Amino acid sequence: MGQGLDLFAAVSPDGAWTVTQVTRRARAVVEAGLLPLWVRGEVSGFKAWQSGHWYFALRDRSAQIRCVMFQKDNRRLPLPPPDGTQVFVFARPTVWEEKGEFRLTVVDLLSTEAGGLWQLAFEKAKAALTKDGLLDPARKRPLPRYPRRIAVVTSPDGAALRDIIAVTARRWPVAELLVIPTRVQGEGAEAEICAALALVCRIGNLDVAIIGRGGGSREDLWTFNHERVARAVAALPVPVISAVGHETDITLCDLVADVRAPTPSAAAEAATPDRGDVLVELDHLGARLARGLAARSGRVAERLDRTFDRLASTLERRLERHQHELAGFAGRLDALSPLKILERGYALARDGEGRVLKRISQFPAGLSFRLRVTDGEVAARAGES
Amino acid sequence: MAPSARGREALSFTQQLERLEEIVRRLEGQDLDLDQALKLFEEGVERLREARDRLAAAEVQVKQVLADHAGNLKVEDFDG
């Protein structure tokens, strides 16, 4: 059914307008007379519907206007404006015909409070993280000195990843870089990052993780200010370096990470030692190793010398003692010598074979034998007894 | 920590360097006989050589990790 026909049907004999006619005309007048404009006021009666659309009133001391902000427009904002917030809205004034209500269709909304809604959202999420102890400096873990496996959560085709690969290849090629690709901005990016971080948790033998992106607008970086992303970062089982490339704006992701790097390149530098430095360190260790052994063997040699000296002097002393003893023995041996006895006038009888003859029975009559006296031998013969 | 000879292959670079530092400290310490000192020295030299080899031979590896539809981890070469 056409509009013309509808309008025609609404005309009554007394010349009265229908409700629809009036509201439609009012809407046309309002939309023609009030072009899109900025309006300042205080948010009141805020309500977010299931559909994602926001309904609220803007008011000042003496008036108020109903407002709607559709989901396609409000999804760019970090959070709904709390009641009482002073805001600027950019809006199209219109009349909502079904309710005969004058209202603003809001397409943009800025908080006039310090930092605006972004700051507000940031502070809110930060307070929640603080409450759970996730920003406690005592949680910060030291980075490993010589990482083997490094996880990198970032966009697969961004400059950030290229920089991280280049720096790692130059400084610490020992490493294995495991890229977990994810979108880092735009609708749904935060869910993708959280999924990527969940994957990181399942990688075995991981030493350290880098999460980041290159610089961008505040909205682009906002993904890294989501409380959900920050919590997923805090839940990683290994130390994390956050590099959400922006010198001035610190994101929540930066705050919960163990180390914050200003750029992705700086993150790769923080994650890795320099191969040249490590080689120098190895040289030092090698030198200490050699000196250690030299000192040790020097000490052992000294001790051996001392031991040898002690041993030698002991031996000498013992030898001296032995010499005295020998002299003593010689004296005693001398005293026992049979020659000494012969000197006193005794004689020793021996037969032809040298056997000593000690008894009468050994001297049959006529036996020739020899007598040893002190100065020699004489021949003798036994006579008749 | 005195790893067995069998376990040596599995040592990470970090563990290798820690062991090397420990060896140096012990060698610089006081109570070692020459035999122990020599053994430690030999192990130290070996670890030093291994560590240098690792640094010399290395070329950075870049891979990407994805989850397949069943949720299993999939590691592929990355050629970005």
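## A tour from A:Leu117 to the interface of chains A and B

Start by selecting A:Leu117 and showing what surrounds this residue: leaving aside neighbours within four places in sequence, A:Leu117 is in contact with A:Leu77, A:Pro78, A:Leu79, A:Pro80, A:Pro81, A:Pro82, A:Leu109 and A:Ser111. Keep in mind throughout that you are looking at a predicted model. A:Leu117 belongs to helix 4 of chain A, residues 116–131. Colour by accessibility and A:Leu117 counts as buried, because its relative accessibility is 2%, under the 20% cut-off. For a distance to draw, take A:Pro80: its C-alpha is 8.0 Å from that of A:Leu117, although 37 residues separate the two in sequence.

**Stop two: A:Asn74**

Next, select A:Asn74, which sits in helix 3 of chain A, residues 71–74. Is this asparagine buried or exposed? With a relative accessibility of 5%, A:Asn74 counts as buried. Display its side chain and look for A:Gly52, whose backbone oxygen is 2.8 Å from a polar atom of the A:Asn74 side chain. Setting aside residues up to four places away in sequence, A:Asn74 touches A:Gly52, A:His53, A:Trp54 and A:Met69.

**Stop three: helix 6 of chain A and the loop after it**

Now select residues 189–201 of chain A, which make up helix 6. Draw a line between its end C-alpha atoms and you will read 19 Å; at 1.5 Å a residue, 13 residues should span 18 Å, so the two agree. Show the side chains of A:Ala189, A:Ile193, A:Cys194, A:Ala196, A:Leu197, A:Leu199 and A:Val200, which are buried in this helix. What do the buried residues of helix 6 pack against? Within chain A, their partners are strand 6 (149–154), strand 7 (176–181), strand 8 (208–213) and helix 8 (227–234). Chain B takes part too, through strand 1 and strand 2 (73–77).

Move on into the loop between helix 6 and strand 8 of chain A, where you will find A:Asn205. Check its backbone: phi is near 55°, a positive value in a residue that is not glycine. Most residues other than glycine have a negative phi. A:Asn205 counts as exposed, since its relative accessibility is 67%, over the 50% cut-off.

**Stop four: A:Leu177, touching both chains**

Select A:Leu177 in strand 7 of chain A. A:Leu177 is buried, with a relative accessible area of 0%. Its C-alpha lies 5.0 Å from that of A:Ile150, with the two positions 27 residues apart in sequence. Now show everything that A:Leu177 touches, not counting residues up to four places away in sequence. In chain A these are A:Ile150, A:Val152, A:Ile164, A:Ile165 and A:Thr168; across in chain B they are B:Val60, B:Gln61, B:Val62 and B:Lys63.

**Stop five: chain B**

Follow that contact over and select chain B. Tracing from the N terminus, you meet its elements in the order α-α-β-β, two helices and two strands. Chain B has 80 residues, of which 32% count as buried. Of the contacts in chain B with a separation of 6 or more, 38% join residues 24 or more positions apart.

Zoom in on helix 1 of chain B, residues 13–28. Its end C-alpha atoms are 22 Å apart, which agrees with the 22 Å that 16 residues should span at 1.5 Å a residue. Buried residues in helix 1 of chain B include B:Phe13, B:Leu17, B:Leu20, B:Glu21, B:Ile23 and B:Leu27. Leave B:Glu21 displayed for the last stop.

**Stop six: the interface**

Show both chains together. How many residues of chain B are in contact with chain A? There are 40, and they meet 38 residues of chain A. The area buried between the chains is about 3400 Å², with carbon and sulfur atoms giving 68% of it. Highlight B:Leu55, B:Val60 and B:Val65: they supply 18% of the area that chain B buries against chain A, more than any other three residues.

Then turn to the polar side of the interface. Four salt bridges are found across it. One of them can be drawn from B:Glu21 to A:Arg145, where the closest N and O atoms are 3.5 Å apart. Polar contacts link 13 residue pairs across the interface, counting pairs with both residues at pLDDT 80 or more.

To finish, colour the side of chain B that touches chain A by element. Helix 1, helix 2 (34–57) and strand 1 (61–67) each supply at least two residues, and helix 2 gives the most, with 12. Recolour this side by class and you will see 24 nonpolar, eight polar and eight charged residues.

Methods. Residues numbered from 1 in each chain as written. Chains lettered and ligands numbered in written order. Predicted model: local features only at pLDDT ≥ 70, side-chain atom pairs only at ≥ 80, totals over all residues. Heavy atoms only, no water. Helix = DSSP H or I, 4+ residues; strand = E, 2+ residues; numbered from the N terminus. Expected span 1.5 Å × (residues − 1). Buried < 20%, exposed > 50% of the residue type's maximum accessible area, 1.4 Å probe, protein only. Contact = heavy atoms within 4.5 Å. Buried area = accessible area lost by both parts, 1.4 Å probe. Salt bridge = Lys/Arg side-chain N within 4 Å of Asp/Glu carboxyl O. Polar contact = N/O pair within 3.5 Å; in protein donor to acceptor, adjacent residues only side chain to side chain. Nonpolar A, V, L, I, M, F, W, Y, C, P; charged D, E, K, R; others polar.
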